[in-house]
Amino acid sequence: MTPEPLHIISLGAGVQSSTMALMAAAGEISPMPKCAIFADTQAEPASVYKWLDWLEKQLPFPVHRVTRGSITDVSLTTREKKDGSGKWSKSLIPAYIKNSDGSRGIMGRACTADFKIAPIMKRVRKLGAALGRKEWRRKHKAALRSWAEYIKEKAAAKRERRTCQLPYPKEAWDSMQSDPLVVQWIGISLDETQRMKPSREPWSAHRWPLIEMRMRRADCLLWMEKRGFPKPPRSACVYCPFHSNHEWRRLRDDEPEEFQKAVQFERDLQAVKRVTDNMAGVPFLHSSLMPLDQVDLSTDLERGQGDLWGNECEGMCGV
C-alpha cells in the first residue's frame with residue numbers, strides 16, 4: 001500500500017506562489033505542504049533573495065533551495081567545437097537578435113527548463129523515492145508499461161517523421177494521475193490559465209490552488225495587503241528579455257546595482273557573440289535592439305503623450 005502523496009509547492013518567490021505558500025501556512029489551503037522548493041538561477045535581483053529570507057520565517061514547512069549553478073556563467077561560457085572549427089556557446093535566455101539585414105530575431109530559450117524545472121524535479125524525485133517510489137511503480141506496473149510503450153513509439157514516430165501508431169493511453173495515465181506519489185502546487189492564477197500544463201511524470205500530478213479558489217494576481221496582492229504582509233517582488237532573472245518597460249524602469253530606479261548587472265550581462269553576451277559562430281546576429285536584452293542603458297524607458301505620460309489608461313500595468317507586469 002502506497003502512502004498518502006507528498007504535497008510540494010513549486011516556489012517562484014513571486015506574488016502568486018508566495019501568496020499560495022502563506023495561505024497554506026494559514027490553513028486556507030490544505031493539506032499542509034511537506035515543503036516548498038525554490039530553484040535558484042543565481043541571477044535573481046537582491047530584492048527576491050531578501051524576500052525569500054523573510055518568507056521562509058513565516059512558513060511552518062521548510063523551503064528547499066536548489067540550483068543547477070549560475071545561469072550567468074553558463075550563458076557566457078564559450079566552448080571549443082569537437083572538430084576544432086571554432087567556438088560555440090549555449091543558448092539559454094531568449095535574447096533578441098539583430099540580424100545582419102537589420103531584422104529582429106530571438107535566441108532559443110532553455111532557461112526555464114534547465115535552471116528552474118530540472119533542479120526542482122531532481123529534488124522532487126529524491127523526495128518521492130524516499131516516500132516509496134518503488135512501491136508506487138509496482139502498484140501501477142501495467143499502466144506504466146502502457147505509458148512507456150506509447151512514449152517509445154511516439155519518439156520513434158517523431159524521429160522517423162511518421163504518425164504515431166499507438167493511441168494515447170488515457171486510461172493508464174488517468175489511473176496514475178489519480179493516485180500520484182507527489183502533488184506539485186503551481187502558483188498560476190486565474191488570469192494566466194494559458195500557462196497551465198499537465199505533469200510530464202506519471203507519478204507526479206500538478207495542482208493549481210489559486211485557480212481552484214478563483215484568485216487573480218490582484219486578489220493575491222489584496223490578500224497580502226489585508227494581512228499586513230509586504231508586497232512581494234517580481235521573481236525573474238535581472239536580465240530577463242521578457243521584462244516589460246515597467247519592470248526595467250523599476251529595476252533601474254529601485255535596484256540600480258541589479259540594473260547595472262543586466263547592462264553588463266548584455267555587453268558580455270555581445271562579446272561572446274564576437275568569438276563564437278552559433279548566434280545569428282548581435283544579442284540585445286530589449287526588443288528595441290538598442291543597448292539597455294540607452295533605451296528610452298519613460299512612460300507615455302513622461303513623454304507628454306498623456307496617461308490613456310490611468311494605470312499602466314494594472315498589477316499585471318512581471319507575470
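This tour moves through a predicted model, stop by stop, stating what to select and what is found there.

**The whole chain**

Begin with the entire protein chain on display. The predicted chain contains 10 helices and 10 strands. Along the principal axes, its C-alpha atoms fill a box of roughly 65 × 60 × 35 Å. Of the 319 residues, 46% are buried. Among contacts with a separation of 6 or more, 67% join residues that lie 24 or more positions apart.

**Helix 1 against helix 8**

Select residues 15-25, which form helix 1, together with residues 217-226, which form helix 8. The axes of these two helices come within 9 Å and cross at roughly 50°. Helix 1 and helix 8 are therefore oblique to each other, and their crossing is left-handed. On the helix 1 side, show Val15, Gln16, Thr19, Leu22 and Met23; on the helix 8 side, show Arg217, Cys220, Leu221, Trp223 and Met224. These are the residues that make the contact. Sorted by class, the contact of helix 1 with helix 8 has 7 nonpolar, 2 polar and 1 charged residues.

**An aromatic cluster**

Keep Trp223 selected and add Trp51, Trp54 and Phe229. Together, these four residues form one aromatic cluster. Trp223 thus appears at two stops, in the cluster and in the contact with helix 1.

**Two points in the backbone beside strand 2**

From helix 1, follow the chain to proline 31, in the loop between helix 1 and strand 2 (35-39). Display the backbone of serine 30 and proline 31: the peptide bond from the former to the latter is cis, with omega near 0°.

Continue through strand 2 to glutamine 42, which is in the loop leading from that strand to helix 2 (46-58). Glutamine 42 is not a glycine, yet it has a positive phi of about 65°. Is its side of the chain buried or exposed? With a relative accessibility of 41%, glutamine 42 counts as partly exposed.

**Helix 5 against helix 6**

Now select residues 141-160 and residues 170-177, helix 5 and helix 6 respectively. Two packed helices are described by the angle between their axes and the distance between the axes. Here the axes come within 9 Å and cross at roughly 130°, and helix 5 and helix 6 are therefore oblique to each other. Helix 5 passes helix 6 in a left-handed crossing.

Which residues of helix 5 and helix 6 meet? Ala143, Leu144, Ser146 and Trp147 come from helix 5, while Ala172, Trp173, Ser175 and Met176 come from helix 6. By class, this contact of helix 5 with helix 6 has 6 nonpolar, 2 polar and no charged residues.

Two arginines deserve selection in this region. Arginine 145 is in helix 5 and is partly exposed, with a relative accessible area of 45%. A distance label between the C-alpha atoms of arginine 145 and alanine 172 should read 9.0 Å, although 27 residues separate them along the chain. Arginine 161 is in the loop between helix 5 and helix 6. Its phi is near 55°, a positive value in a residue other than glycine. Arginine 161 is exposed, with a relative accessible area of 81%.

**A stacked pair of rings**

The structure holds 9 aromatic pairs. To view one of them, select tyrosine 239 and phenylalanine 265. Their ring centres are 3.7 Å apart and their planes lie at 5°, so the pair is stacked. Tyrosine 239 belongs to the loop between helix 8 and helix 9 (245-254), whereas phenylalanine 265 belongs to helix 10 (residues 256-275); the pair thereby links distant parts of the chain, 26 residues apart. Both tyrosine 239 and phenylalanine 265 are buried.

**Last stop: arginine 252**

Finish in helix 9, at arginine 252. Arginine 252 is partly exposed, with a relative accessible area of 32%. What does arginine 252 touch, not counting residues up to four places away in sequence? Show Phe259 and Leu297, the residues that it touches on that basis. Then zoom out and add lysine 154, which is 98 residues away along the chain. The C-alpha atoms of arginine 252 and lysine 154 are separated by 47 Å.

How values were computed
Residues are numbered from 1 along each chain as its sequence is written. This is a predicted model: local features need pLDDT of at least 70, side-chain atom pairs count only at pLDDT 80 or more; totals for chains, interfaces and linings use all residues. Side-chain values use heavy atoms; hydrogens and water are left out. Axes are lines fitted to C-alpha atoms, for helices over the stretch in contact, and angles run from 0 to 180 degrees between N-to-C directions. Helices (H or I, at least four residues) and strands (E, at least two) are DSSP runs, numbered from the N terminus. Angles under 35 degrees count as roughly parallel, over 145 as roughly antiparallel, 65 to 115 as roughly perpendicular and the rest as oblique. A crossing is left-handed if the near helix is turned anticlockwise from the far one by less than a right angle, and right-handed if clockwise. Contact means heavy atoms within 4.5 Å. Ala, Val, Leu, Ile, Met, Phe, Trp, Tyr, Cys and Pro count as nonpolar, Asp, Glu, Lys and Arg as charged, and the others, Gly among them, as polar. Rings of Phe, Tyr and Trp (its six-membered ring) pair if their centres lie within 6.5 Å; planes under 30 degrees apart count as stacked, over 60 as edge-to-face and the rest as tilted. Buried means under 20% relative accessible area, exposed over 50%, partly exposed in between (1.4 Å probe, protein chains only).
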